[in-house]
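Visitor: I'm new to reading protein models. Could you take me slowly through the surroundings of the ligand, and then show me what lies around that part?

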Amino acid sequence: MAEVCVIGAGPAGSIFAARMAQLGHQVDLIERQRFPRSHLGESLSPGVMPLLQAAGMRETIEAAGFPSVTGVWVNWAQQPRLRQDPGERGLLVDRGEFDRRLLARARAFGVRVHQPARVLERTRDDAKWHLAIEADGAFVRLDADFVADASGRRGISRQRRIRKGAATLAVYGYWRGKSQPTVPRIEAGHNAWYWGVPLPDGSYNTLIFVDPDRFRSAPGTTMSERFLRLLDRSTLMNDCRDAELIAAVRAIDATPYLSGDCVAPDRIELGDAALAIDPISSSGVQKAIQTALSGAIVANTLLRRSESTDAALSFYRAQLGEASERHRRWAAEHYRDVAERCAGPFWQQRAGPQAVTDPAPLPAIDARGFATTPVELSPELEFAPTPCLQGDFVSLAPALHHPRLASPIAFLGGRELAPLLRILQPGRTPLQIAQSWSNRMPLQSGLAIAGWLVNHGILVEQRGRSGMPS
Ligand SMILES: Cc1cc2nc3c(=O)[nH]c(=O)nc-3n(C[C@H](O)[C@H](O)[C@H](O)COP(=O)(O)OP(=O)(O)OC[C@H]3O[C@@H](n4cnc5c(N)ncnc54)[C@H](O)[C@@H]3O)c2cc1C
């Protein structure tokens with residue numbers, strides 16, 4: 001009998017399981033493959049490390065010594081260029097080793113791991129979940145109060161998914177040669193985009209993202225032949241003509257989607273089981289870890305504070321829905337950049353219609369204006385009780401709702417905003433406002449919050465004056 005049973009030990013499953021164990025739950029984690037096993041998702045966005053830190057898993061990944069991304073060679077809508085951002089460095093990882101390390105940490109946090117063991121079926125009666133599991137050729141049953149599905153894109157809950165973009169197939173092959181690119185490459189083709197990822201073991205993964213029907217009808221008798229012909233139209237292999245394929249060419253669906261039913265009082269979906277974003281953002285692993293961390297607080301609330309069930313459910317649904325929509329818009333913008341100069345249907349379908357224009361940007365306020373301009377709360381500002389993460393639980397807190405905010409905000413820099421704004425006296429400058437909070441926080445933090453409120457149009461110049469955004 002398990003209190004919490006997690007299916008799948010990718011980043012989402014291991015981090016969720018570890019976090020639940022840290023919160024004092026008894027957790028069983030079931031993974032069908034032996035580790036290390038290969039997996040796509042080898043180029044990690046810079047946001048992964050801070051999340052691993054929050055999960056208590058940063059050190060184990062740093063100890064692996066994975067190389068960081070020093071630049072990306074981009075051949076997209078403009079002239080080809082090497083994009084470098086020293087402040088924003090992602091990692092190139094061997095996912096077999098990355099996932100093995102996260103799982104080992106989960107075990108160290110007290111998670112009971114069953115591996116290799118495959119969940120064949122889940123059923124529910126009035127009392128419990130019953131999981132039918134195949135382990136080493138034997139069939140076993142595990143009962144649980146709560147089930148977390150972290151079984152990934154090809155996992156067990158595929159029937160509830162809603163497509164969030166054009167159907168896309170990724171066809172990929174791993175190469176090895178004497179000279180290979182040392183930085184990732186991204187390239188827009190006529191009806192496809194290409195991605196080359198140099199890996200820590202010296203191999204080179206080349207991926208082509210195409211429309212599945214178009215790929216099937218492309219010239220060539222085998223998948224491998226079609227892949228090689230398409231790859232030849234890119235510059236991905238220009239510097240490594242001596243390289244040889246070291247594994248069979250493979251294909252995987254890469255269509256973005258969102259689960260239509262990601263959470264209930266006795267179950268939750270995490271990572272790719274809950275939502276998949278367009279791989280063009282290379283932040284699927286980051287998103288999977290985010291769902292694991294917030295999903296653990298949601299599950300903890302569902303298991304221990306039944307009075308907050310509705311808040312927990314709506315928090316998680318809203319969080320996933322907003323993330324899916326944010327990524328969809330971001331990806332569409334990138335496709336639109338190419339669609340403007342290339343009429344191929346691949347780009348037109350993915351660019352979609354122009355997004356609704358964001359409100360006009362607010363002019364930045366300078367230091368003088370900060371000290372001299374009287375401000376007041378925007379008349380468009382509303383406070384409403386909104387489900388938020390507070391410590392280890394989801395609960396309702398008064399949040400700011402404003403047309404300039406993509407989603408309601410209750411906390412900023414760990415401080416609750418509503419109590420700070422309720423004591424505001426109109427006619428004070430942002431500097432005086434920050435000073436008036438000095439009994440609650442250091443002046444520097446107050447200045448940062450006041451600046452944020454001005455920049456987001458929450459604090460506006462007092463009516464009848466000019467010189468500041470209104
Ligand atoms: C073509 C492509 C390229 C991508 N490239 C990137 C990239 O460069 N960077 C990036 O950040 N993201 C990338 N992604 C996305 C990334 O791979 C995923 O978002 C990430 O791996 C999701 O993690 P997860 O833990 O949810 O699922 P997974 O990592 O898929 O883990 C799921 C685990 O569940 C196990 N499992 C499945 N079924 C069962 C069962 N019945 N019983 C027990 N265990 C089971 C599986 O064996 C697996 O270990 C890419 C995706 C695609 C399609």
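Guide: Let's start with the ligand's surroundings and work outwards from there. One thing first: this is a predicted model, so local features need pLDDT of at least 70, side-chain atom pairs count only at pLDDT 80 or more, and totals for chains, interfaces and linings use all residues. Residues are numbered from 1 along each chain as its sequence is written.

Okay, the ligand. There are 38 residues around the ligand, and the closest are Gly8, Gly10, Gly152, Gly271 and Gly284. Here a residue is near a molecule if its C-beta atom, placed from the backbone, lies within 6 Å of it. By class, the shell holds 17 nonpolar, 15 polar and six charged residues. In that count, Ala, Val, Leu, Ile, Met, Phe, Trp, Tyr, Cys and Pro are nonpolar, Asp, Glu, Lys and Arg are charged, and the others, Gly among them, are polar.

Where does the shell come from? The domain assignment gives domain 1 (2-67 + 93-162 + 261-337), domain 2 (169-253) and domain 3 (367-461), with bounds from an automatic or database domain assignment. Domain 1 and domain 2 each supply at least three residues to the shell. As for domain 3, its C-alpha centre lies 49 Å from that of domain 2.

Helix α7 (residues 284-304) gives the most to the shell, with four residues. (Helices, H or I with at least four residues, and strands, E with at least two, are DSSP runs numbered from the N terminus.) Of the 21 residues in α7, 18 are buried, so the rest of the structure largely encloses this helix. Buried means that 20 or more other C-beta atoms lie within 10 Å of the residue's own, exposed means 12 or fewer, and partly exposed is in between, with C-beta atoms placed from the backbone. The length of α7 works out too: at 1.5 Å a residue it should span 30 Å, and its end C-alpha atoms are 30 Å apart, which agrees. That expected span is 1.5 Å times one less than the number of residues.

Next, a little sheet. Three strands form an open, antiparallel sheet in the order β11-β18-β21. The edges are β11 (161-163) and β21 (275-276), each with a single partner strand, so one side of each has no neighbour in the sheet. Two bridges join β18 (residues 257-259) to β21, and two is what it takes, as strands pair if DSSP finds at least two bridges between them. Tyr257 stands opposite Ala276 in β21.

After β18 comes Cys262, in the loop between β18 and β19 (263-264). Cys262 is buried, with 25 other C-beta atoms within 10 Å. Leaving out residues up to four places away in sequence, Cys262 touches Ile268, Glu269, Ala274, Tyr316, Arg317 and Leu320, where contact means C-beta atoms, placed from the backbone, within 7 Å.

Cys262 also leads us on to Cys388: their C-alpha atoms are 18 Å apart, with those positions 126 residues apart along the chain. For the last stop, look at strand β23 (residues 382-390), joined by nine bridges to β24 (residues 393-401), which runs antiparallel to β23. Phe383 stands opposite Leu400 in β24, while Pro385 has Pro398 as its bridge partner. The hairpin of β23 and β24 has two residues between the strands, and Gly391 takes a positive phi near 65° there.

Definitions and conventions
Contact = placed C-beta atoms within 7 Å.
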